[in-house]
Amino acid sequence: MSDDVRPTIARPMIARPTIAHPMIALQGITKTYPGQTRHAVAQLDFDVPDGNIVMLIGPSGCGKTTTLKMMNRLIEPTSGRILLDGEDVTGVDGDQLRRRIGYVIQQVGLFPHFTIADNIAVVPRILGWDRKRIDTRVDELLHLVGLEPRDFRDRHPRQLSGGQQQRVGVARGLAADPAVMLMDEPFGAIDPITRDRLQDEFLEIQRQIAKTICFVTHDLTEAVKLGDRIAVFGPGGVLQQYDTPEQILTHPANDFVAEFVGSGAAVRRLSLLELSRLELEQISVDGVDSPNGHPTYRADAAGRAVAWSHLPGVSEMPPLVTVPLSGTVYDAVDVMLDMRTPLVAVVDHEDRPQGALRWDALVRELPTKGRRP
Amino acid sequence: MGFGEYVGSELSTLGFYAQQHFLLVLYAVAAASVIALALGVLLHTNELTPESWTRKMRVGSRETALLLASAALTVPSLALFGLLQPVLGIGVAPALVGLTIYGTYPVLRNTVAGLSSVDPAVLDAARGMGLGPVRRMLRVQLPLAWPVILSGIRVATLILIGVAVVAAIVRGPGFGQPLFTGLGRLGAVNSFNQVLAGTLGCLAVAAVYEIAFFAIARLTTPRGIRVR
Ligand SMILES: Nc1ncnc2c1ncn2[C@@H]1O[C@H](COP(=O)(O)OP(=O)(O)OP(=O)(O)O)[C@@H](O)[C@H]1O
Ligand SMILES: [Mg+2]
């Protein structure tokens, strides 16, 4: 990090533990809109590994939508190549290609003269699915995005709120079960609480179906929460850094990314880091293991931790406080400060301890692990 | 003879004029609508201009075409039928052609306006889902533009009901015949009754069309975009 003042284009440099082959590969892509001198996207080299979620983030007008639209050839690049699953799609029939790629546009754009069910069924109909299969699929997708099919199937878009329309937009993109999804701020118009729920469900679905997803967002929290990787775009459509959320947060490639992530944001970073993504300190229940170095606790009948029984290096036992695994490091720090304790037990949704986080660990490099086990 | 008495005695003739007038307008509006829809779609998609032209030139050429089409409306109807007569003779043919020429512009204008008013986001989504140009036009653009197009057809119909009267100058069918006969011999027996019957007849035909358009609009406007 000696010459980090010079803005450099970060190439994908970190190979994931399981090397997935790129589902989408952009090679030297440049887009200049007619009559404009500035590039909308400049010299973009970019691999989206199979089954990954890649978050595209950056200030307004930096070419995120343009990049997304080049992937399904809604916009033709000025130069460069695009490979989809290894196949050069620069020359194939655009309409055929787009039926294989789910697309959720930024402005939603539901067909106002179609019912919600018909809106979702557009691509399956073109692909010639039979009626029953389409009906089942529509109901399934409406459930998925949290809209009760009985209430919503036969409504028209104008009878839905903006957020509900956006969810139908997501369902429509998923309709034909495409392997690749391009999503342009799909949760933009949704309230924080519903958005949080949708994000959780989105991750849950992704764990099951493992699609390759390019997801544009303006929300760094969303990018960190959902992304396997984050691509930070800068002005003029230049890719500033393409890396895992941890790397982006802890090692911004240049000043632009550092500023974008938020200068002096050490604390903010904590709120972006979920406990489930940390390599926690191992703990075990009292008596099961010989306490050679790691903390032990006493548990009740249900397996819930009630008190520390052995803490190496600590003479006076602090009270045992727990933080849920779904919380963030920020939450853990909050609890530690509040309860004046140097460590917390991190528990799963059934209150069973999964590990511990110590105050001391915060000032060291927080060890993280990959998203999926 | 009083007007009531006149109508009573001429009922079958007047009924015949009404039918003729109605059908003349119907055929002319149908022909004009087909021409205008086809032309409107071509103009809107810039199908008629070379790909190499800039966007500005293409939009400019579209507006020019619309301007030229509107010029047809400024030719006095009497003159137009006069001009058509040497080519098409007299009777139904010149009447139909003349009316079609007058009816095209309002429909064309509204077709282009209706197609342009479709939300770009909707089109973007349609393209993004892999709907080709034909599917997009038939499934998305035309249905959404339809209320505007239909109101253009309605305006064309009302204009043509009036212009059809003038078509009597080339022996066109309809209420123009009693009107012109009556006007030609004003002061003679029943001449005023003829003028009055022709005028009221036109109003009656217009009323029938208005009712028909109301019903058609209800029936053909997709529920999701209907203004209640
Ligand atoms: N059709 C177009 N013609 C000309 N310039 C365009 C066009 N579409 C986008 N641009 C320009 O290209 C640049 C990138 O636009 P793009 O829509 O990709 O930005 P974005 O990152 O998606 O922004 P936002 O976050 O606001 O959605 C912008 O400067 C924009 O003005
Ligand atoms: Mg955008």
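In the predicted model, helix α7(B) meets helix α9(B) through Trp146(B), Leu150(B), Ile153(B), Arg154(B), Thr157(B), Leu158(B), Ile161(B) and Val165(B), and the residues of α9(B) on the other side of this contact are Cys202(B), Val205(B), Ala206(B), Tyr209(B), Glu210(B), Phe213(B), Ile216(B), Ala217(B) and Thr220(B). By class, the residues of this contact of α7(B) with α9(B) comprise 13 nonpolar, two polar and two charged. Helix α7 spans residues 133–166 of chain B and helix α9 spans residues 191–220 of chain B; their axes come within 11 Å and cross at roughly 170°. Because angles over 145 degrees count as roughly antiparallel, α7(B) is roughly antiparallel to α9(B).

These two helices belong to a chain whose secondary structure comes to nine helices and zero strands. From the N terminus on, the order of elements in chain B is accordingly written α-α-α-α-α-α-α-α-α. Taken along the principal axes, the box filled by the C-alpha atoms of chain B is roughly 70 × 40 × 20 Å.

Helix α5(B) takes part in two further packings. Helix α3 (residues 55–74) of chain B packs with helix α5 (residues 92–116) of chain B at an angle of about 150°, and their axes are 8 Å apart. This angle makes α3(B) roughly antiparallel to α5(B). The crossing of the pair α3(B) and α5(B) is left-handed. On the α3(B) side, the contact is made by Arg62(B), Glu63(B), Leu66(B), Ala69(B), Ser70(B), Ala72(B) and Leu73(B), and on the α5(B) side by Ile101(B), Tyr102(B), Tyr105(B), Leu108(B), Arg109(B), Val112(B) and Ser116(B). The contact of α3(B) with α5(B) contains nine nonpolar, two polar and three charged residues.

Helix α4 (residues 77–88) of chain B also packs with α5(B), at an angle of about 135° and with the axes 9 Å apart. The helices α4(B) and α5(B) are therefore oblique to each other, and their crossing is right-handed. In α4(B), the residues Ser77(B), Leu80(B), Phe81(B), Leu84(B) and Leu88(B) meet Ala93(B), Pro94(B), Ala95(B), Val97(B), Gly98(B), Leu99(B), Ile101(B) and Tyr102(B) of α5(B). Divided by class, the contact of α4(B) with α5(B) has eleven nonpolar, two polar and no charged residues. Ile101(B) and Tyr102(B) of α5(B) thus appear in the contact with α3(B) and in the contact with α4(B).

In chain A, the surroundings of ligand 1 consist of Tyr33(A), Gln36(A), Ala40(A), Ser60(A), Gly61(A), Cys62(A), Gly63(A), Lys64(A), Thr65(A), Thr66(A), Gln106(A) and His218(A). An N or O atom in the side chain of Tyr33(A) lies 3.3 Å from a nitrogen atom of ligand 1. For Gln36(A), an N or O atom of the side chain is 3.2 Å from a nitrogen atom of the ligand. An oxygen atom of ligand 1 is 2.6 Å from a polar side-chain atom of Thr65(A).

Conventions: Residues are numbered from 1 along each chain as its sequence is written. Chains are lettered from A and ligands numbered from 1 in the order in which they are written. This is a predicted model: local features need pLDDT of at least 70, side-chain atom pairs count only at pLDDT 80 or more; totals for chains, interfaces and linings use all residues. Side-chain values use heavy atoms; hydrogens and water are left out. Axes are lines fitted to C-alpha atoms, for helices over the stretch in contact, and angles run from 0 to 180 degrees between N-to-C directions. Helices (H or I, at least four residues) and strands (E, at least two) are DSSP runs, numbered from the N terminus. Angles under 35 degrees count as roughly parallel, over 145 as roughly antiparallel, 65 to 115 as roughly perpendicular and the rest as oblique. A crossing is left-handed if the near helix is turned anticlockwise from the far one by less than a right angle, and right-handed if clockwise. Contact means heavy atoms within 4.5 Å. Ala, Val, Leu, Ile, Met, Phe, Trp, Tyr, Cys and Pro count as nonpolar, Asp, Glu, Lys and Arg as charged, and the others, Gly among them, as polar. A residue is near a molecule or strand if one of its heavy atoms lies within 4 Å of it. A polar contact is a pair of N or O atoms within 3.5 Å; within protein, one must be able to donate a hydrogen and the other to accept it, and residues adjacent in sequence count only if both atoms are side-chain atoms.
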